[in-house]
Structures are given as C-alpha cells and as structure tokens.
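Please open the model in your viewer and keep the selection panel at hand. The stops below go from one pair of helices to the next, then to the chain as a whole, and last to a few single residues.

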Amino acid sequence: MEESNTRNKANGTKISIVIPALNEERNMPHLISGIKKIMSGKKYEVIVVDGYSTDNTAVIAEDMGARIIYDNVGKGSALIKGLMNASGEILISMDADLSHEPRELTLLVSGIKSGYDICMGSRFIAGGNSEDISAIRAFGNKAFVFLVNALFKSHYSDMCYGYRSFNKKILQKLNLRERGFGIEAEISIKAAKLGLKTIEVPSTEKKRSAEEPKLRTFWDGYIILKTIIKNALRN
Ligand SMILES: Nc1nc2c(ncn2[C@@H]2O[C@H](COP(=O)(O)OP(=O)(O)O)[C@@H](O)[C@H]2O)c(=O)[nH]1
Ligand SMILES: [Mg+2]
C-alpha cells in the first residue's frame, strides 16, 4: 500500500494480506478501509486475487491501493497464487465478505512473530464465535475436525476456516494443491503431517453479507471429505 512506502512510518516485518475475492464490490471498500486502519504504520501489502468477478471488485480494490492478481479456477487456487506472489515475511489469508474482522489481524501477526509457523483463527475456542455458521455446517465441521485429529494426531478445534497467518518460510513445504474450498483442510492436514508449529487463536466469524445456497453446504462437505481422504492415502 502507498502508506507502507512512507519513510519513517513503516517499519519491521512486512505483512502480506491475501484476499481471494469473487464479486465482492459491495464489501471491498469496508474491507480495505478496515485493514488500513488497523495496519496503519506497519509495513504491508494487500493482494486481492480476483476470480474474474463480473462486478467492479478489482477496480475498486486497485483504486484503494491493493495489488490485483487474477485467477480463474477457484478459491483455493486463488489463495495459492496470492500466497506465492506475496512479498511479505508474514502472510495472512482473509475473506472479502466481511466475515473476518480486521482487528484480529494483530493477533494473527503476533502468532507468527512469536515463532509459530501457522496461526489459525478458530471459532470454537474460548473467545471465538460464529455469527454465521448453520447447524449443518457446524455439525460437518465438528465431524471433520474429529476425523482429522484422529487420522493425523492433531488437536484442532476448527478446520474449515480461512482466517490464518503463515511464516513465508514454510509455504513451499506445504506444497498446496487444492483448487477449491478444500484448501483450508489441506493446510490443516499438511501442517499436522509435517509437524509444523501451529497455534489457534480465537476468531469471531461475522454474519456474511449474502445468503448461501443450501447445495453449496453439501458440495463443500464432499470436497473437504475428499481432501481428507486424499491426504490420508498419500504419504
Ligand atoms: N478468486 C476467487 N475467490 C473466490 C472464489 N469463490 C469464493 N471466493 C472468495 O473466497 C472468500 C470465501 O468465500 P465464501 O463464499 O465466503 O466461502 P466461505 O466463507 O468458506 O463459505 C470470499 O472472499 C469469496 O469472495 C473463486 O472462485 N475465486
Ligand atoms: Mg465467507
């Protein structure tokens, strides 16, 4: 961001905030101004990975100082592309639909600064919450968390949540492949298999701005289950 280039003001570790976005023009101004407020005085960049939105998502984001990358595959591939192209030492994944609160960025940055490889927002530890999750999604998430913890000897409380931070140095090791909504599960599983140092921090998921089609819940569940099985079979 232009602010980050201001001499004397910006100092320390560079932070890259990577935001996959598909038709989020309504949310983009709130999102980026919220980020700017919290990150003021820090060295950072905002990368919006636009899935070829049919609205003005990219134009608005660019006008507000974000770097734009395009990806035409899915949320996962957009996130991977953004992370790979980020120049910061601390990388953060964030959604564009205002479900992730910018003030929690500070917590995610602290996790990595304290020496963890990945810091994962969790809606299900003390201090966390979801104002958005449906009963069926909450149940599915619990079942997947249980399955992953059993299979990969991890201790997660949440898994399908995309507000996270990463030490850039471990990105290559993760060798991320999931092109769609299996990406968060893939990250959790690979982190456990690689024995990375992970920590969960509480996060409040705000109410999304649009209703979700019922069918997507089941489709996402199927993709996540496929991701778990694939990774369990692979070394
Ligand atoms: N680039 C890109 N972004 C996407 C795509 N699908 C969803 N997103 C973005 O990814 C984020 C999470 O998507 P959302 O539908 O809210 O998923 P959920 O929060 O996991 O239910 C939002 O910022 C979306 O705009 C896609 O196909 N491509
Ligand atoms: Mg969302």
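Begin by selecting helices α5 and α7 in this predicted model, where α5 passes α7 in a right-handed crossing. The axes of α5 and α7 come within 10 Å and cross at roughly 25 degrees, which makes α5 roughly parallel to α7, since an angle under 35 degrees counts as such. Show side chains next: Phe144, Val148 and Phe152 of α5 meet Ala185, Ser188, Ile189, Ala192 and Lys193 of α7. Colored by class, the residues of this contact of α5 with α7 divide into six nonpolar, one polar and one charged.

Keep α7 (residues 183-194) on screen and add α8 (residues 214-233), whose axes come within 9 Å and cross at roughly 25 degrees. At that angle, α7 is roughly parallel to α8, and the crossing of α7 and α8 is right-handed. On the α7 side, select Ala185, Glu186, Ile189 and Lys190, and on the α8 side Ile224, Thr227, Ile228 and Asn231, for these residues make the contact. By class, the contact of α7 with α8 has four nonpolar, two polar and two charged residues.

Now hide α7 and bring back α5 (residues 135-152) beside α8: the axes of α5 and α8 come within 11 Å and cross at roughly 0 degrees. The angle therefore makes α5 roughly parallel to α8. The residues to pick are Ile136, Arg137, Gly140, Phe144, Leu147, Val148 and Leu151 in α5, together with Thr217, Gly221, Ile224, Ile228 and Ala232 in α8, which make the contact. The residues of this contact of α5 with α8 divide into eight nonpolar, three polar and one charged.

While α8 is still displayed, select Tyr222, which lies in that helix. Is Tyr222 buried or exposed? With 12 other C-beta atoms within 10 Å, Tyr222 is exposed. A distance drawn from Tyr222 to Glu186, C-alpha to C-alpha, gives 14 Å in space for two residues that are 36 residues apart in sequence.

Zoom out to the full protein chain, which has eight helices and nine strands. Its radius of gyration is 17 Å, close to the 18 Å that the globule rule gives for 235 residues, so the chain is as compact as a globular protein of that length. Along the principal axes, the C-alpha trace of the protein chain spans about 50 × 40 × 30 Å. If you color by burial, buried residues make up 42% of the 235 residues. A contact map restricted to residues at least 6 apart in sequence would show that 79% of such contacts in the protein chain join residues at least 24 apart.

With the burial coloring still on, go to helix α3 (residues 75-84), which is mostly covered, as eight of its ten residues are buried. The buried residues in α3 are Lys75, Gly76, Ser77, Ala78, Leu79, Ile80, Gly82 and Leu83.

From there, move to the loop between β4 (90-93) and α4 (105-113), and select His100 in that loop. His100 is buried, with 27 other C-beta atoms within 10 Å. Leaving aside residues up to four places away in sequence, His100 touches Met94, Asp95 and Tyr163. A line drawn from His100 to Ile38 joins residues that are 62 residues apart in sequence and 13 Å apart in space, C-alpha to C-alpha.

Leu98 is also in the loop between β4 and α4, and it is worth checking the backbone there. Most residues other than glycine have a negative phi. Phi of Leu98, however, is near 70 degrees, a positive value in a residue other than glycine. Leu98 counts as partly exposed, with 18 C-beta neighbors inside 10 Å.

For the last stop, select Asn175 in the loop between α6 (171-174) and α7. What is the phi of Asn175 near? Phi of Asn175 is near 45 degrees, a positive value in a residue other than glycine. As for its surroundings, Asn175 counts as exposed, with 10 C-beta neighbors inside 10 Å.

Terms used
Residues numbered from 1 in each chain as written. Chains lettered and ligands numbered in written order. Predicted model: local features only at pLDDT ≥ 70, side-chain atom pairs only at ≥ 80, totals over all residues. Helix = DSSP H or I, 4+ residues; strand = E, 2+ residues; numbered from the N terminus. Rg over C-alpha atoms; globule rule 2.2 N^0.38 Å. Buried ≥ 20, exposed ≤ 12 C-beta atoms within 10 Å, placed from the backbone. Contact = placed C-beta atoms within 7 Å. Axes fitted to C-alpha atoms, helices over the stretch in contact; angles between N-to-C directions. Parallel < 35°, antiparallel > 145°, perpendicular 65-115°, else oblique. Left-handed = near helix turned anticlockwise from the far one by under 90°. Nonpolar A, V, L, I, M, F, W, Y, C, P; charged D, E, K, R; others polar.
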